[in-house]
Amino acid sequence: MSKVFSFTLLLLSFFVLGQKRTLSHSDYESWNVIANKSISDSGIWVSWQSNPQKGDGVLHIASRTISRSYERGVKHVFSPSERYLYFEEKPKEEDRRQALLDKVSKKDMPSNRLIIARPIKNTLDTIHDIVDWKSSETINDLLAWRAKEKKDENIDDEAKDEKKKSADKSTKKNKKSDKPDDLHPLFIRTFFPSEVVQFKDCKSYAMARNGTALVFTSYVDSTKTYDIHYFDANTKTSFLLDKGLKDVAALTVSSKGLRVAAIATKDTVDGEDADYSLYYFEVNAQQKNPIKRQTRISNVDGFNVHKKANLHFTNNAQFLFFGVQPDRVIVEVDTTLLDEDKANVDVWTPFDKELQPRQLVRKKDWENQFQTVILKTANRKVFRLPGSEHSAYTYQLNQSHPLVLHSVNLDYANGQIWTFGRYKRYSIINLITEEEIIVHDSSAHGVNISPSGKWAYGFDESTLGWYSFDIDNKRKHALGADISKPVHNFEVDIPNQFPPFGSAGLTKGENQLWIYDQHDIWSVDMKASKPSVRLTKGAESNVRYRYLEAHQDDDYVDKRTFIQAFDRYSRNNALCRLQDGKLDTLRHFTDATFSGFSASKHRNRYVYQIGSFNDYPELYRLSLDQVKADEKLSITNPQKDAFYWGSVSYVDYVVNGDSLRGLLYKPEQSENMESIPLIVYFYERYADQIHRHVIPTASRSIINFPYYVSNGYAIFVPDIAYETGKPGQSAYDCIMTGLDTVLNQNTWINSDAMALNGQSWGGYQTAWLVTQTNRFKAAFSGAPVSNMTSAYGGIRWKTGHSRIMQYEEGQSRLGVPMHENLAPYLENSPLFYTDRIETPLLIMHNDNDGAVPWYQGIELYMSMIRQQKDVWLLVYNNEEHNLTRWANRMDLSERVSSFYDYYLKAAQMPDWMKEGVPVWKKGKEER
């Protein structure tokens with residue numbers, strides 16, 4: 001009898017283990033994501049991190065024959081030879097949490113360790129108590145790090161007491177040490193053969209990209225000054241570049257290690273009044289006198305060197321960028337006044353170039369503002385770039401030409417404080433001739449300079465076409481005039497100028513530019529003297545073709561010409577290759593996403609990710625040999641099979657002549673359920689995401705699809721087409737038409753148990769819908785605009801921008817200034833129709849929301865409370881537009897699910913809804 005009973009229990013346990021269960025909020029932490037994926041320069045190694053949402057992750061690397069895993073590995077990089085892998089090992093999460101519970105001091109908290117792994121031999125070297133580290137990028141393997149001073153952990157108690165007494169005596173003599181706190185021992189490791197060199201009291205260091213040299217500062221305690229040293233990795237010796245510096249604010253070395261620059265001072269004046277200089281050195285460590293030339297620059301055109309300006313060489317070391325202080329208005333401070341005697345006031349005027357809130361956001365930038373200066377290393381002449389406080393400069397450090405792209409923010413320069421600062425004037429500055437050439441007077445879409453410096457090109461909003469600019473001849477050409485299809489994105493329904501569909505870049509030789517229309521890739525002649533050529537045939541089959549940038553260092557599109565094909569109806573993907581004018585399909589990805597395609601730098605080796613709603617996007621190694629199957633490298637969330645999931649399908653409907661698609665997510669266990677509640681979630685258009693995999697996670701603001709589908713809810717996500725001036729009515733027409741289509745086609749959905757869910761723009765639409773219909777039993781509205789008249793004059797506090805453009809030319813789509821036509825602002829504001837609301841509403845609006853002013857949620861809440869309607873407002877303290885803290889995200893997830901369960905599943909009303917949460921219970925109540 002006992003044996004039979006035991007056998008029965010055994011069978012029961014296997015049965016139970018084989019059963020699926022629904023997702024719970026407690027399952028989120030262990031769900032993994034792939035992060036920091038990379039392929040080594042040679043293509044031999046692929047690396048990635050598999051990180052849980054909370055807890056300890058794993059660093060993985062794989063070659064064709066070797067796979068390694070390293071617990072808690074982060075910030076990984078291969079050495080140039082790829083014999084070594086460097087990464088940081090984080091402390092165990094449980095150790096970190098315990099240290100916090102034990103109130104361990106910050107300096108004694110568990111710290112990261114630096115690991116030097118040799119994957120082929122499977123060996124590890126560990127460096128404890130890392131402060132920071134740097135490694136070379138090309139040619140030579142070189143590694144440097146700073147670490148905390150080691151403690152005397154092995155001496156006995158008597159020795160410790162004697163040491164303490166000695167320290168006490170020393171302290172009495174000198175109560176406060178002048179030695180800076182940011183000094184640490186510097187260790188430099190060379191390889192082949194391996195050797196470690198140590199230097200003490202290092203504040204900063206910089207490494208040559210090719211691993212031949214390193215420069216560093218050391219503190220001299222006797223003089224309270226810094227020295228700058230140069231370390232030659234080949235000879236493993238160092239020599240002095242300069243000494244007696246009161247401070248070194250910045251330090252850099254050129255890619256090949258032959259030039260060094262520092263921003264430093266010998267001024268004994270403390271604080272901001274000290275005068276800094278640029279110190280420039282040309283070195284050759286192989287000579288008897290290694291310092292070939294030294295230059296010191298204290299000011300340029302009467303302006304002092306700025307100690308916080310960016311300091312860097314171009315990769316070819318032809319130019320050194322630094323900065324000087326702009327003119328400042330000197331304000332005399334009355335030192336006889338106390339703080340209580342001074343007024344604290346912001347003065348807003350009609351003459352402000354930028355709004356006061358925008359100035360406050362940029363206050364630190366303004367205080368650290370500098371004018372960019374170029375040192376030409378060939379002749380050591382300096383050139384201060386022309387411009388103003390509204391200027392920005394773009395220069396790719398790896399480019400070979402001497403051209404800088406100069407943009408001026410026209411909106412702010414002209415005092416248009418009601419804009420987001422979109423329109424800019426673009427010009428090109430030649431660093432050798434110091435000539436500046438205007439390329440485009442006003443553009444919101446940028447300008448590009450070709451890799452050789454021969455061309456500039458961009459999109460012209462006034463003509464809705466592309467142009468090229470011959471820099472040497474100063475001639476402009478309109479490109480693609482013979483293309484029959486629009487190259488501007490006419491599908492955008494925001495009342496603003498149409499943006500371009502985009503471009504891929506130039507071909508080698510820079511004779512052709514690849515640009516996009518709605519479906520295809522066109523090759524256009526840069527001189528506009530030859531006919532444009534359509535490279536793909538997507539319009540005929542409603543397929544969109546786009547160039548895949550396999551590696552960011554590929555200057556030209558025809559170096560490795562891979563193309564992604566996206567079927568705009570089925571949303572299926574394909575990987576294609578364009579060779580000799582012929583487009584070949586290498587892989588079809590049916591009912592799946594295709595993403596993360598990347599190549600090694602030096603060899604044609606590739607990786608990519610594919611996934612679907614049901615499958616996490618796993619990492620694959622591409623095999624161009626069609627006979628050999630692609631290698632699957634990752635298995636990220638094997639636990640997923642233990643849970644109920646679901647499926648997703650299209651819902652087609654027509655609104656005002658627009659053919660739209662929505663997505664219907666259906667519970668896996670729906671066959672066994674007679675009546676399923678439905679949540680309608682929306683933003684703008686979402687149908688392209690049908691194959692997107694969503695991991696179970698705590699909510700930042702919106703519902704998590706897997707959680708609700710697993711727990712027996714269906715979800716409908718409609719696409720919305722907008723008419724200018726009628727955002728609310730457009731949302732209503734599209735959402736409700738799509739919903740009626742869903743209900744007609746799926747009788748298993750309970751039409752008496754439906755809810756709404758939306759955040760931000762979706763939050764506005766939720767608030768609007770509940771004023772127009774009472775078909776929903778509950779609704780969640782996150783960060784809603786409820787009153788467009790007050791929101792129009794509001795501020796985006798995170799950026800300091802005016803919200804006016806949001807309504808005139810932006811997402812709110814009213815298309816007209818409020819002073820010209822008040823009607824659409826009133827007609828589209830939910831606040832003015834709250835008397836119609838019968839749907840219980842849960843609002844989330846956080847008190848540090850930098851996008852939608854917090855008072856918008858409060859206005860809606862107060863109006864509903866005044867009318868004694870069912871409304872709750874969640875305010876997460878110091879949180880922004882979307883939640884960031886995990887505890888708050890979990891809290892929101894639990895409250896929203898209990899809210900929906902109560903109204904749609906007849907669950908018990910949670911106490912927080914029934915009784916509220918008085919401030920003295922805040923953070924202590926049970927949900």
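A residue counts as buried under 20% relative accessible area, as exposed over 50%, and as partly exposed in between, using a 1.4 Å probe and protein chains only. With that in hand, Arg661 is buried at 9% relative accessibility, and this briefing shows what surrounds such residues. Welcome to a predicted model, in which local features need pLDDT of at least 70, side-chain atom pairs count only at pLDDT 80 or more, and totals for chains, interfaces and linings use all residues. Residues are numbered from 1 along each chain as its sequence is written, and side-chain values use heavy atoms, with hydrogens and water left out.

**Salt bridges**

- The structure holds 40 salt bridges (a side-chain nitrogen of Lys or Arg within 4 Å of a carboxyl oxygen of Asp or Glu).
- Arg661 pairs with Asp652, their closest N and O atoms being 2.7 Å apart; Asp652 is partly exposed at 38% relative accessibility.
- Arg813 and Glu684 form another salt bridge, with 3.0 Å between the closest N and O atoms.
- This pair links distant parts of the chain, 129 residues apart: Arg813 is in the loop between α11 (804–808) and α12, and Glu684 is in the loop between β48 (676–681) and α7. Helices (H or I, at least four residues) and strands (E, at least two) are DSSP runs, numbered from the N terminus.
- Arg813 is buried at 1% relative accessibility, and Glu684 is buried with a relative accessible area of 18%.
- Arg64, Arg621 and Glu631 are joined into one network by salt bridges that share partners.
- Lys559 and Asp554 meet through their side chains at 3.6 Å, N to O; Lys559 is exposed, with a relative accessible area of 51%, whereas Asp554 is buried, at 8%.

**The cavity**

- There is one cavity of 30 Å³ or more. A cavity is a set of points on a 1 Å grid over the protein atoms alone where a 1.4 Å probe fits but cannot get out, and lining residues have an atom within 4 Å of a point.
- The largest cavity has 15 lining residues, and Ser699, Ile702, Ile703, Tyr708 and Ser893 lie nearest its centre.
- Two elements, α7 (705–710) and α14 (886–905), give two or more residues to this lining, and α14 gives the most, with three.

**Around α12**

- Leu826 lies in helix α12 (residues 823–827) and is partly exposed at 34% relative accessibility.

Notes:
1 Å grid on protein atoms, 1.4 Å probe; cavity = no way out; pocket = protein on both sides within 12 Å on 5 of 7 lines; lining within 4 Å. Points joined across faces, edges and corners; volume = space filled by probe spheres on them.
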